[in-house]
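The following exercises are to be worked with the sequence and the model at hand. Each task is followed by a solution in steps.

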Amino acid sequence: MSHAESALQVGGAIARMFDAHLAVLHVGTDMQEVGPLVGEGLSGAMVQDMITAALKESAARLHGVRALFDAFIVREKIPVVAVDSPFSPAGMHALSASFIAHSGHTRSVVAFQARLSDLVVLRQPNPEGDVSSSDTLHAVLFESGQGVIIVPPVAPPTVGKRICIGWNGTSEAASAIHHALPLLRRAQAVCILYSPAYQRPGPEARHVSSFLSLHGVTAHIHEFGSDSHPVGEDMLAAAHAFNADMLVMGAYSHSRLRQMILGGVTRHMLENSDITVLMSR
């Protein structure tokens, strides 16, 4: 349940902006992942004990998350509806929410369900080493084709009022802008962050400004960067200087493996951002 409440708050705020449906998904333990342990030298009785313990823990997590959801929708006065398909409720044009519990392999279930979402809201991966949350985030980024909103541990007081775009000319950055367009149109202020050290072959920041103007979005350009700090650190500082409550950027313009080993802008944001980030591949 770590960070679940901040993700709920941001998801609810965005749903309210667009009179949209907020589908909250919880994925429980997949018993098929425990079964193969029989072949790893564990007796049937030991495996059964592990299954029993895993089911009990999974039920406790489900109860806790459902309690958070119930308290949230009461506090925010969001109607709860039952839908056949959690991410494509036919005929809904008003603010609503649903709670869906699945069991299975978390990264696969979330990534598959995300493919029929407009946007996906996830908690920021736990820096203490929560492998599951990190795997789920990367599965959605790489396998869903959707924009992913990553929420810091403490939900910001506003979201989408002042938006920065981290632009580097790549297809990933362009995809992020397309996913963010409804939010950009509603924003009070938009700033395109540009750095020569971050730019890749592709359109420049001025071209982004012209493109956005065709969609009714006025954005100014701010060049950032220094010789003494990594690009990710400078970009986050520039977003703070703009008083941004959201940062829109592409994810993993370099390979994920390279960023894991050497670091990079995506990795820096996933590990350090205290601003809501919309990323896309």
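## Exercise 1: Strand order around β6

Strand β6 is joined to strand β7 (residues 219-223) by 5 bridges, and the two run parallel. The model is a predicted one.

Task. Determine which residue of β7 is the bridge partner of Ile-192, and which residue stands opposite Ile-192 on the side of β5.

Solution.

1. On the β7 side, Ile-192 has Ile-221 as its bridge partner. From β6 the chain passes through helix α6 (residues 205-214) to reach β7, in a right-handed β-α-β crossover.
2. β6 also pairs with strand β5 (residues 162-166), in the parallel sense and over 5 bridges.
3. Across that pairing, Ile-165 stands opposite Ile-192. The chain goes from β5 to β6 by way of helix α5 (residues 171-186), and this β-α-β crossover is right-handed.
4. Of the 6 residues of β6 (residues 189-194), 5 are buried, so the strand is largely enclosed by the rest of the structure.

## Exercise 2: Two cysteines

Task. Establish how many disulfides the model contains, and state whether Cys-164 is buried or exposed.

Solution.

1. A disulfide requires two cysteine sulfur atoms within 2.5 Å. By this rule the count is 0 disulfides.
2. For Cys-164, the nearest cysteine sulfur belongs to Cys-191 and is 4.7 Å away, and Cys-164 is in no disulfide. Likewise, Cys-191 is in no disulfide, its nearest cysteine sulfur being that of Cys-164.
3. Buried means under 20% relative accessible area. Cys-164 has 0% and is therefore buried; Cys-191 has 2% and is therefore buried.

## Exercise 3: The nonpolar cores and helix α7

Task. Identify the element that contributes the largest share of the largest nonpolar core, and find what covers the buried residues of α7.

Solution.

1. The largest nonpolar core comprises 33 residues, and those with the most contacts inside it include Cys-164, Met-235 and Met-249.
2. Helix α7 supplies the largest share of this core, 4 residues.
3. A separate core has 27 residues, among them Val-151, Ile-165, Ile-177 and Val-217.
4. In α7 (residues 231-241), the buried residues are Gly-232, Asp-234, Met-235, Leu-236, Ala-238 and Ala-239. Their cover includes β5, β6, β7, β8 (246-250) and α9 (265-272).
5. After α7 comes Asn-243, with a positive phi near 60 degrees.
6. Met-249 has contacts that include Gly-166, Ala-176, Tyr-198, Met-269 and Met-279, when its neighbours within four places in sequence are left aside.

## Exercise 4: Accessibility in two helices

Task. Classify Ser-6 as buried or exposed, and find the relative accessible area of Pro-182.

Solution.

1. Ser-6 belongs to helix α1 (residues 4-17). Its relative accessibility is 4%, so Ser-6 counts as buried.
2. With residues up to four places away in sequence not counted, Ser-6 touches Val-151, Pro-152, Pro-153, Val-154 and Ala-155.
3. Pro-182 is found in helix α5. Its relative accessible area is 36%, so Pro-182 is classed as partly exposed.
4. Although Pro-182 and Met-17 are 165 residues apart along the chain, their C-alpha atoms are separated by 9.9 Å.

Definitions and conventions. Residues are numbered from 1 along each chain as its sequence is written. This is a predicted model: local features need pLDDT of at least 70, side-chain atom pairs count only at pLDDT 80 or more; totals for chains, interfaces and linings use all residues. Side-chain values use heavy atoms; hydrogens and water are left out. Buried means under 20% relative accessible area, exposed over 50%, partly exposed in between (1.4 Å probe, protein chains only). Two strands pair if DSSP finds at least two bridges between them. A crossover is right-handed if, with the strands pointing away from the viewer, the path from the first strand over the helix to the second runs clockwise. Contact means heavy atoms within 4.5 Å. A nonpolar core is a set of buried Ala, Val, Leu, Ile, Met, Phe, Trp, Tyr and Cys residues joined through side-chain atoms within 4.5 Å.
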